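The following report considers the surroundings of a bound ligand and then two strand arrangements.

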Amino acid sequence: MIVMGIDFGTTQSKMAVMDEFGRAKPIRNAEGDEITPTVVAFENGETPIVGIEAYRLALSQPEHTRMDFKLKLGADEVLYTTKSGKKHTATTLSSLVLAKLKCDAESALGESIHAVVLTCPANFQDHQRQALLDAAKLAGLEVRRLVPEPSAAAMAYGLQRSDQTFFVFDLGGGTFDATVARIQGAKLDVLGTSGLPNVGGRNFDQILMEHLLHEFKGKAGFAPDRSQDLAFFEDARERTEQAKVTLATREKTTVTLGARGKYASIEVTRDTFLRLTASLVEQAASTCNDLLQLVGLSWSRIDKLLFVGGGSRAVGVKEAMEKASGQRVSQDIDPIRAVAFGAAIQGAIEAGGFVLDGRAIPAPKLHLTDVTAYAIGCMVDDVHLGFSNAVIVPRHSRVPSRLTKTFKLKEPQQTHAEIVLLQGNEGDPADQCLRLGQMELSDLPAEPTMPPRIEVTLDFDKNGICSAFGKDTLSGKSTQMRIDYSKGLVGVHR
Ligand SMILES: Nc1ncnc2c1ncn2[C@@H]1O[C@H](COP(=O)(O)OP(=O)(O)OP(=O)(O)O)[C@@H](O)[C@H]1O
Ligand SMILES: [Mg+2]
């Protein structure tokens, strides 16, 4: 069965499949493009349109267009309600995009597609990964494996290369991921990963747009507001992004904005852009330095610095990273296609090879071992707030993995134990950790000598999704974790 790769991007999605020569190739959509804007518009407030046409409609009908919803996966928020009352969340909007990609790939390849390898940001949380898997299922796709985006790019680079340690700097439209990996023979090991969920190309756009709005107000004498001038903001968003792209190759550019019949031409220089976006670039650079420290390496031990993602093309990023690392950015990888290519490679591996168009597509010889992006642990019985996290799975543990730790109960006569799962570092106070869920054990035998007896096991599957099991070794009672997504982001509370 064919397994293709999908890079579901915040701003644009890409597809790829392996060919008979063992190389990944892009799959074009129905419009003939390699990239499909991750945008959904509702024609007449009802009928969904996905991709470039939806992107164009954002200008004339912003109120019926949705974008950037990838970053809202995992939240139940209703993002759009159709005229007939159908409510859309990030999951259903994503499923509409994935369904178009499936349909377009089937036309392009002349075969039915039921299975894919999907990618997601390395720092995606458990509930965000789950929501993406749900979106794929709604689109009629079985996800053979969810691969972190920088790991997929590492696969695209690592295939047919040997024995080196490299750094993937992945600045996309919505997120920033940094990953250190090592290739030895056919073994590709991710050594560590880190990221910033809110630093991507769109944040560069936002900062530049704020500057342009300020200048517009100075020239036009008023500040447009979203309730009256929604179309102005859509137009400004597009012109701002275009200015950012122009500044990657030119010293200056002029942006013309108009609202309520008043127009203003605003000149933006590279220097202004660099000044405005310096803190974003600094955040990314220091995330890279911290990651290297965490994995015990220095820049001098890195053989290649790879740039991935369209955001990495913004002026100032390459220069800043070359200065920070003392390395030249490698040109050995296509920053826009690499993630989809890696997904396609993993797809052929998952399928064990397949036949496409009468040709045998071999399974590439590459084995990816990934690691967890976070430390996960728990506290047993949070009678007192301020209890701290006891790490069970340290950050950068290999996936899949299964680890167990045994805990004491708090009181000798205790017959009930509450196990709260937390994402955070060893010893972090519970209220500074992300609460992942809780499980309970009740009717336990009291034990005055209080031996360690509550066994908590965490199981990370190949997609980085965690399940938890709790067991009282005295009575043999056991329980499984219920993930309480709605509480996931608000810390521990009773
Ligand atoms: N020449 C350029 N200069 C600056 N930015 C650019 C350039 N070309 C593309 N971009 C930016 O790259 C981003 C899109 O890149 P990419 O396709 O890698 O992101 P994505 O996959 O949609 O997002 P993510 O991976 O974060 O989910 C956009 O923000 C776009 O403005
Ligand atoms: Mg991307």
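## The shell around ligand 1

In this predicted model, helix α6 gives the most to the shell around ligand 1, contributing three residues. Helix α6 spans residues 230-247, and together with strand β2 (12-18) and helix α5 (201-220) it belongs to the elements that each supply at least two residues of that shell. Altogether 22 residues surround ligand 1, and the closest of them are T10, T11, K70, E241 and K244. By residue class, the shell divides into 12 polar, seven charged and three nonpolar residues.

Several short distances join oxygen atoms of ligand 1 to N or O atoms of the protein, and they involve both side-chain and backbone atoms. For Q12, an N or O atom of the side chain is 2.7 Å from an oxygen atom of the ligand. For G173, the atom concerned is a backbone N or O, which lies 2.8 Å from a ligand oxygen, and for T175 a backbone N or O atom lies 3.0 Å from an oxygen atom of ligand 1. On its own, ligand 1 has 650 Å² of accessible area, of which the protein covers 92%.

## The sheet of β5, β6 and β7

Three strands form an open sheet in the order β6-β5-β7, and their pairing is antiparallel. Because β6 (47-50) and β7 (65-67) stand at the edges and have a single partner strand each, one side of each is left without a neighbour in the sheet. From one strand to the next, the twist averages 20 degrees.

Strand β5, which comprises residues 39-43, pairs with β7 in the antiparallel sense over three bridges, and one residue pair in this arrangement is V39 with its bridge partner M67 in β7. Helix α2 (residues 90-109) lies across β5, β6 and β7, and the helix runs at about 100 degrees to β5.

## The hairpin of β15 and β16

Which strand pairs with β15 over eight bridges, and in which sense? The partner is β16 (residues 262-269), which pairs with β15 (residues 252-259) in the antiparallel sense. Within this pairing, the bridge partner of L257 is A264 in β16. As general background, strands of a sheet pair through backbone hydrogen bonds, either parallel or antiparallel.

The hairpin formed by β15 and β16 has two residues between the strands, and R260 takes a positive phi near 50 degrees in this hairpin.

Conventions:
Residues are numbered from 1 along each chain as its sequence is written. Chains are lettered from A and ligands numbered from 1 in the order in which they are written. This is a predicted model: local features need pLDDT of at least 70, side-chain atom pairs count only at pLDDT 80 or more; totals for chains, interfaces and linings use all residues. Side-chain values use heavy atoms; hydrogens and water are left out. Two strands pair if DSSP finds at least two bridges between them. Helices (H or I, at least four residues) and strands (E, at least two) are DSSP runs, numbered from the N terminus. Axes are lines fitted to C-alpha atoms, for helices over the stretch in contact, and angles run from 0 to 180 degrees between N-to-C directions. Contact means heavy atoms within 4.5 Å. A residue is near a molecule or strand if one of its heavy atoms lies within 4 Å of it. A polar contact is a pair of N or O atoms within 3.5 Å; within protein, one must be able to donate a hydrogen and the other to accept it, and residues adjacent in sequence count only if both atoms are side-chain atoms. Accessible areas come from the Shrake-Rupley method with a 1.4 Å probe; for residues, only the protein chains shown count as cover. Ala, Val, Leu, Ile, Met, Phe, Trp, Tyr, Cys and Pro count as nonpolar, Asp, Glu, Lys and Arg as charged, and the others, Gly among them, as polar.
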